[in-house]
Amino acid sequence: MKKKSSLSNISSTPRIRYEEQLNSSQLQAVTTTEGPLLVIAGAGSGKTRTLTYRVARLVEDGVSPDTILLLTFTRKAAQQMILRATKLLDRRCEKVAGGTFHSFGNLILRKYASALGFNPGFAILDRVDAEALIGILRKEMGSVTRQRSFPRKRTLANIFSRAVNKMIPVEEVVCDDYPHLESDLEAMISIQREYKRYKSEHHFFDFDDLLVYLQQLLKMHPEIRHRISSSFGYIMVDEYQDTNKIQADILYHLTGANQNIMVVGDDSQSIYAFRGANFRNIMQFPRMFPGTRIISLEENYRSVQPILDLTNIIIDQAKEKYSKKLFTRITGGSTPLLVEAVDENDQSLFVVSKIQQLCRQGIALDQIAVLFRAGYHSFDLEIELNREQISFVKVGGFKFVESAHIKDVLAHLRVISNPYDRISWYRILLLIEKIGPATAQKIYESIRNEASGYDGLLTIKSKSSSAAGLNRLKRLISTVDFHQMPLAKLGEAVIEYYLPILEGKYDDHPKRAKDLQQLLAIIERYTDLSLFLTDMALEPPNTSVGDTFAADTPADDRLTLTTIHSAKGLEWHTVFIIWALDGRFPSTQSLYKEEDLEEELRLMYVAATRARENLIFTYPNQIYDRMMGMELDRPSRFIDGVPQSILAKQSARFLI
DNA sequence: TCACGGAATATTTTT
DNA sequence: TATTCCGTGA
């Protein structure tokens with residue numbers, strides 16, 4: 001996305017008038033450029049604005065842009081901020097180094113992995129790959145017995161990842177969070193040991209490894225640490241409340257002698273504890289960097305007062321937080337609404353009719369969002385929206401590159417790139433008729449044992465039953481040459497090979513075939529296969545299946561359905577929060593531990609603070625919960641009992 | 001050994 | 001919704 005013409009030249013740009021465009025706290029945060037700085041930024045208080053201006057200010061002051069490191073939660077966030085700074089100042093800002101901790105880790109490790117004894121050409125395992133590998137080891141190690149079910153590979157991956165991110169042993173994770181699996185602890189530990197060994201032997205890095213090895217590199221190699229830290233004179237970190245211990249430690253080592261580090265965050269919006277984030281990081285920051293200046297941004301520029309009245313009540317229930325009270329100068333607005341529905345479908349019908357009503361009042365669809373706790377909470381609503389032909393985009397949940405058919409194609413490309421990628425071999429072999437796990441393993445062993453790479457496949461003699469399918473694969477492998485072929489041709493060949501498999505496997509293959517065409521369009525932008533594969537793992541197009549590019553292009557008029565986690569940082573004129581039912585939100589599982597419950601509370605706070613003018617909670621009544629063995633019929637405890645004057649109650653029936 | 005069908009199950013999610 | 005798991009029969 002390079003627009004050369006629209007951005008004007010450097011010399012004639014007048015100095016930015018910071019004093020006029022920022023309030024006094026923001027201004028202070030922007031102009032305090034030296035030394036450690038902690039900015040506590042409440043919801044809607046202009047956090048992004050502050051960061052953007054600060055980048056511009058530094059560059060304007062003559063700091064070389066490529067010595068500024070801007071670490072954010074997603075890559076998109078970094079790109080957007082750099083783009084805004086560029087618009088504000090000039091194109092020098094495009095040179096600012098921005099990205100996520102993981103992409104930064106990737107960058108550094110590609111350069112220095114050999115210092116840790118790794119091949120800098122390591123392949124990255126995404127979530128699905130990691131699970132696949134764990135699945136293979138899980139079976140292979142005979143942990144699965146017939147008497148009792150052993151934890152699923154997904155659960156195992158979760159446990160391992162949490163242990164790494166919290167820097168605690170697996171044992172502790174299981175004790176704390178999975179006490180019912182304690183009897184399988186030993187088996188789990190040995191699977192993890194195997195998993196680690198396998199990864200390092202085969203030069204696979206999973207996402208967590210990108211952090212762990214970056215940390216290790218900085219810790220164990222002072223001369224490299226010095227080289228890196230002295231090349232970044234100014235470090236800024238967004239969403240600091242959602243960083244974990246490893247990331248904090250990385251920052252500690254990364255920060256050079258000048259201590260020019262600034263972090264921004266809101267402890268009340270920390271919602272990623274389930275993956276190891278620790279909101280206390282933000283409180284411990286001043287201890288990590290003595291002499292830290294603290295600035296709070298408390299003026300809210302987003303919501304009307306009636307909404308803030310409610311969100312302040314919500315967050316007041318939190319036990320542990322930096323106290324702050326948001327205020328706004330935006331007047332007017334109506335009281336938030338709590339709507340009781342009879343059942344899930346009643347709730348959906350209410351939301352649909354309310355949306356239609358808002359549209360008639362002239363509110364654009366893209367100014368409305370429906371938020372929920374979990375991806376599947378919107379299934380029923382999606383059916384009703386389709387019925388009424390209201391167009392929507394769903395954010396969160398399954399992602400494009402994680403869908404099976406995309407992974408299938410990528411797996412073919414991966415074995416072409418690396419013939420010893422067992423995970424990918426298994427995946428593509430299992431797609432072939434008459435080949436199951438046992439045969440796949442035999443074939444892989446032939447490939448590995450003779451160190452013969454593709455030849456191992458070509459020489460294998462197949463049973464007549466599976467010969468047809470296997471021969472097709474042999475033909476593909478032998479005709480393809482990734483050193484010679486342009487990447488696009490390679491992609492075409494693989495997809496051509498895969499299409500018949502796709503048709504046999506999925507009823508909805510036309511839709512999926514379209515996805516593959518989009519994948520091909522992405523491949524065409526690359527010239528290097530392994531770079532393409534790394535990017536697909538590290539910065540995949542982050543929309544749900546089916547709307548591959550839709551969400552990247554400027555919003556056309558569509559309703560947004562999103563998980564609360566994906567709604568972070570965004571805002572809408574009208575926000576619905578569905579399933580605000582006690583037992584679903586907070587979920588029953590979170591009731592046992594106070595810290596889990598606290599996180600649910602912050603999640604509710606994040607959801608509610610997304611609204612500018614209208615905030616509507618709904619909950620279905622009479623939902624039977626199998627786990628609890630009881631009927632759920634109360635609104636979420638976080639908003640239950642709030643007086644009518646602040647949260648008006650109504651029944652869906654009267655409103656439809 | 002593999003395919004197939006039905007049942008169970010699911011936080012949340014970025015990298 | 002869409003996997004994943006497990007039993008069964010070929």
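Let me begin with a convention, since the handedness of a helix pair depends on it: a crossing is called left-handed if the near helix is turned anticlockwise from the far one by less than a right angle, and right-handed if it is turned clockwise. With that in hand, we can say that the crossing of α7 and α8 in this structure is right-handed. Please keep in mind throughout that what you see above is a predicted model.

Before I go on with the helices, a brief overview. Chain A has 656 residues, of which 41% are buried, and its secondary structure amounts to 26 helices and 19 strands. If we consider the contacts in chain A with a separation of 6 or more, 78% of them are made by residues 24 or more positions apart.

Now to the interior. As a general matter, in soluble globular proteins nonpolar side chains tend to be buried together. In this model the largest nonpolar core contains 115 residues, and those with the most contacts inside it are V39, V55, L70 and L133. Which residues does V55 touch, once we leave aside its neighbours within four places in sequence? The partners are I68, L70, M81, A85, C93 and V96, and L70, as I have just said, is itself among the residues with the most contacts in that core. There is also a second, separate core, made up of 56 residues, and this one includes F350, V351, I564 and A607.

Let me return to the helices, and follow the chain from α7 through α8 to α9. The axes of α7 and α8 come within 9 Å and cross at roughly 115°, which makes α7 roughly perpendicular to α8, given that angles from 65 to 115 degrees are classed that way. On the α7 side the residues that meet α8 are I159, F160, R162 and A163, and on the α8 side they are V170, V173 and V174. By class, this contact of α7 with α8 divides into six nonpolar residues, no polar ones and one charged.

Between these two helices, in the loop that joins α7, residues 153-166, to α8, sits M167. Phi of M167 is near 55°, a positive value in a residue other than glycine, and it may help to recall that most residues other than glycine have a negative phi. Is M167 exposed or partly exposed? M167 has 13 C-beta neighbours inside 10 Å and therefore counts as partly exposed.

Going on from there, helix α8, residues 170-177, packs against helix α9, residues 185-201, at an angle of about 140°, with the axes 10 Å apart, and the two are therefore oblique to each other. The crossing of α8 and α9 is right-handed. V170, E171 and V174 of α8 make the contact with L185, M188, I189 and Q192 of α9, and in terms of class it has five nonpolar residues, one polar and one charged. If you compare the residue lists, V170 and V174 of α8 appear in the contact with α7 and again in the contact with α9.

A further helix pair lies later in the chain. Helix α17, residues 404-417, and helix α18, residues 422-430, have axes that come within 8 Å and cross at roughly 125°, and that makes α17 oblique to α18. Here α17 passes α18 in a left-handed crossing. The residues in contact are D408, A411, H412, R414 and V415 of α17, together with S424, W425, R427 and I428 of α18, and they divide into four nonpolar, two polar and three charged.

I would like to finish with some individual residues. Q389, in the loop between α16, residues 379-387, and β13, residues 392-395, is another residue other than glycine with a positive phi, near 55°. With 6 C-beta neighbours inside 10 Å, Q389 counts as exposed. In strand β13 we find V395, which is partly exposed, with 19 other C-beta atoms within 10 Å; a residue is counted as buried from 20 upwards. The C-alpha atoms of V395 and A130 are separated by 23 Å, the two residues being 265 apart along the chain.

Lastly, where is P586 placed? P586 is in the loop between β15, residues 572-577, and α25, residues 594-608, and the peptide bond that joins F585 and P586 is cis, with omega about 5°.

How values were computed
Residues numbered from 1 in each chain as written. Chains lettered and ligands numbered in written order. Predicted model: local features only at pLDDT ≥ 70, side-chain atom pairs only at ≥ 80, totals over all residues. Core = buried A, V, L, I, M, F, W, Y, C linked by C-beta atoms within 7 Å. Buried ≥ 20, exposed ≤ 12 C-beta atoms within 10 Å, placed from the backbone. Contact = placed C-beta atoms within 7 Å. Axes fitted to C-alpha atoms, helices over the stretch in contact; angles between N-to-C directions. Helix = DSSP H or I, 4+ residues; strand = E, 2+ residues; numbered from the N terminus. Parallel < 35°, antiparallel > 145°, perpendicular 65-115°, else oblique. Nonpolar A, V, L, I, M, F, W, Y, C, P; charged D, E, K, R; others polar.
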